[in-house]
Amino acid sequence: MKQDAASFQNPASHSVPGSSGELAGEPDEEPPGSSSCLANVVPLPEARPRLRSKVSVFPAPKSRPVSNPRISAFRRAFFPTATDKEWTDWQWQIRNRIRQLDQLERMLTLSEPERSAVEMSPSKLPLGITPYFMSLLSKDDPNDALRRTVVPTVSEFTKTPQEADDPLGEDDQSPVPGLVHRYPDRVLLLVLDFCSTYCRYCTRSRVVGHGAIYPSRSRLERAIDYIHSTPSIRDVLISGGDPLTLNDERLNWLLSRLREIPHVEIIRIGTKVPAVLPQRITPNLVRVLRRYHPLWMSLHFTHPAECTPEAYRACERLANAGIPLGSQTVLLKGINDTVETMKALCHHLLRMRVRPYYIYQCDPITGSSHFRTSVETGLEIIRGLRGHTTGYAVPTYVIDAPGGGGKIPLMPNYVEGREGDMLLLRNYCDRQYRYPDVLGA
C-alpha cells in the first residue's frame with residue numbers, strides 16, 4: 001500500500017494472511033516510528049532540567065512496589081532471557097506481542113470458544129497483546145475480566161440487529177482521509193490504525209490493525225491543511241489506533257505543526273498506553289509532550305486490575321508534566337458492570353491523578369452484543385456512585401448517538417415532578433425534597 005494512502009474502508013487488499021493459526025489482517029511490521037518516514041525531521045535536543053538534579057518536587061511514594069509479583073512470575077516463565085532493559089523498553093514490548101495461537105496456548109489454557117475464534121480467519125480485528133499486559137491475565141479462567149477484553153471469542157462473529165461496522169457514522173463525517181469533523185469546533189485526527197494491544201470491543205475494529213490508516217507525512221499534511229483552513233476548529237483530538245505508538249520524533253513533528261495553527265487552542269491525545277504499555281511513558285516522551293500545552297490526555301482504563309505499579313508510575317510522569325488526565329471507560333458486561341468494580345476503578349484513577357471522565361455505553365459495533373449491558377445497568381452504577389463517593393470520582397455516563405449524533409449524557413432521574421412552583425427532588429439516599437423552581441422570583 002502507498003504510504004500516503006488512508007481511508008476508513010477495509011478492503012481485502014489490506015489484509016495480510018498470518019502464519020498458521022494467526023489472526024489475519026495485520027502485517028508483521030516493526031513498531032510504527034521505529035524507522036521514521038519523516039527523513040527530514042531534526043532530532044530533538046536534550047531538554048535542560050530547570051531544577052537541580054537532587055531536588056524532587058514530586059517525590060514518588062516510597063511504599064509503592066516496583067512491580068506486581070504476578071508480572072515477575074510471568075516474565076520468568078515465558079521470557080526468561082529478557083533483560084530488565086528489554087522488558088522495560090516499549091519497542092521491545094511491541095516487537096514481542098502475542099499474536100498467534102501457539103503463543104496463546106503456551107501462556108493460557110484456552111477455552112473452545114477462544115481457540116475457535118483465533119482459528120477463524122479472516123477476523124475484522126487482529127490479535128495483539130503486549131507481554132506486559134498478557135502477564136496480567138488469568139491463565140485458567142476464560143471469564144477473567146482483563147482476559148475477556150483482549151482474547152477473541154466466537155461471539156465476535158455474531159451480528160445482532162442494529163449493529164454496524166461504523167455505528168457512529170465516522171466515514172460520512174470525514175472530509176479528509178483520517179479526519180472526522182462531527183462537532184463544529186473540534187475534530188478527531190486518526191494518525192494511524194496501530195495499537196500495541198487490541199481491545200475486542202474496539203469501536204474502530206473495521207479499520208484498526210489492517211493498515212488502512214498509515215501515519216505518512218503527506219496524509220497528515222492534508223489533515224493539517226484542512227484544520228488550518230477551518231477557523232471554527234479550536235480543539236484537535238489525536239487518536240487512532242494509539243498515537244503514542246508513534247516515536248518521539250513523529251509526535252513532536254505532528255504536535256508542532258498543530259501548534260502553528262493560530263485558532264487551535266487545545267490539543268488532546270487519546271491513548272490506552274498507560275494501561276497496556278506503561279513502558280512507553282518515558283522521560284523523553286514527557287519532555288516532548290510538555291512543550292505543547294495546553295495539552296490534555298484521555299486515557300482508557302477498564303478495570304481495577306489494570307492499575308498496577310507500572311500504570312501508577314506512567315500516570316505520575318504525565319501528571320507531573322502538567323498534563324490533565326481523564327479516563328474514558330467503556331461499560332462492559334461481566335467485566336466492570338457492578339458498582340463495586342466501577343467504584344474501585346474510579347478510586348484507583350483518582351489516586352493516579354486521573355479524573356474519571358466518561359463511562360461509555362458499549363457502541364453497537366458488529367459482534368459486540370456479548371459485551372453490552374442494558375442502559376439501566378449504567379444508570380444503576382451512577383446511582384451507586386453519586387453521593388457514596390467524592391464527586392470527582394463520578395464520571396458522566398454517555399451514549400454515542402448512532403449515525404454521528406454525538407454524545408448524549410444519561411443520569412438517574414433526580415427530578416421527580418412538580419407541585420406548583422416547587423420541584424420534587426430525590427437525593428442519593430432516596431429522600432425526597434421540595435425546592436423552589438426559581439429562587440427569589
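Helices (H or I, at least four residues) and strands (E, at least two) are DSSP runs, numbered from the N terminus. This is a predicted model, where local features need pLDDT of at least 70, side-chain atom pairs count only at pLDDT 80 or more, and totals for chains, interfaces and linings use all residues. Residues are numbered from 1 along each chain as its sequence is written, and side-chain values use heavy atoms, with hydrogens and water left out.

**Exercise 1. Find where V154 sits, and decide whether V154 is buried, partly exposed or exposed.**

Step 1: Look in the loop between α7 (145-150) and β1 (179-183), for that is the place of V154.

Step 2: Recall the classes: buried means under 20% relative accessible area, exposed over 50%, and partly exposed in between (1.4 Å probe, protein chains only).

Step 3: V154 has a relative accessibility of 32%, so V154 counts as partly exposed.

**Exercise 2. Work out which parts of the chain the salt bridges of R234 with D185 and E265 link.**

Step 1: Begin with the rule: a salt bridge is a side-chain nitrogen of Lys or Arg within 4 Å of a carboxyl oxygen of Asp or Glu.

Step 2: Take D185 and R234, whose closest N and O atoms are 3.1 Å apart. Because D185 lies in the loop between β1 and β2 and R234 in the loop between α8 (217-228) and β3, the pair ties together parts that are 49 residues apart in sequence.

Step 3: Now turn to E265, which forms a salt bridge with R234, the closest N and O atoms being 3.0 Å apart. This pair links distant parts of the chain, 31 residues apart, with E265 in the loop between α9 (248-259) and β4.

Step 4: Check the exposure of both partners: R234 is partly exposed at 27% relative accessible area, and E265 counts as partly exposed at 45%.

**Exercise 3. Describe the lining of the largest cavity by element and by class.**

Step 1: List the elements that each supply at least two lining residues: β6 (325-331), α13 (339-351) and β7 (355-361).

Step 2: Pick out the largest share, which is 4 residues from β7.

Step 3: Sort by class, where Ala, Val, Leu, Ile, Met, Phe, Trp, Tyr, Cys and Pro count as nonpolar, Asp, Glu, Lys and Arg as charged, and the others, Gly among them, as polar. The lining has 8 nonpolar, 2 polar and no charged residues.
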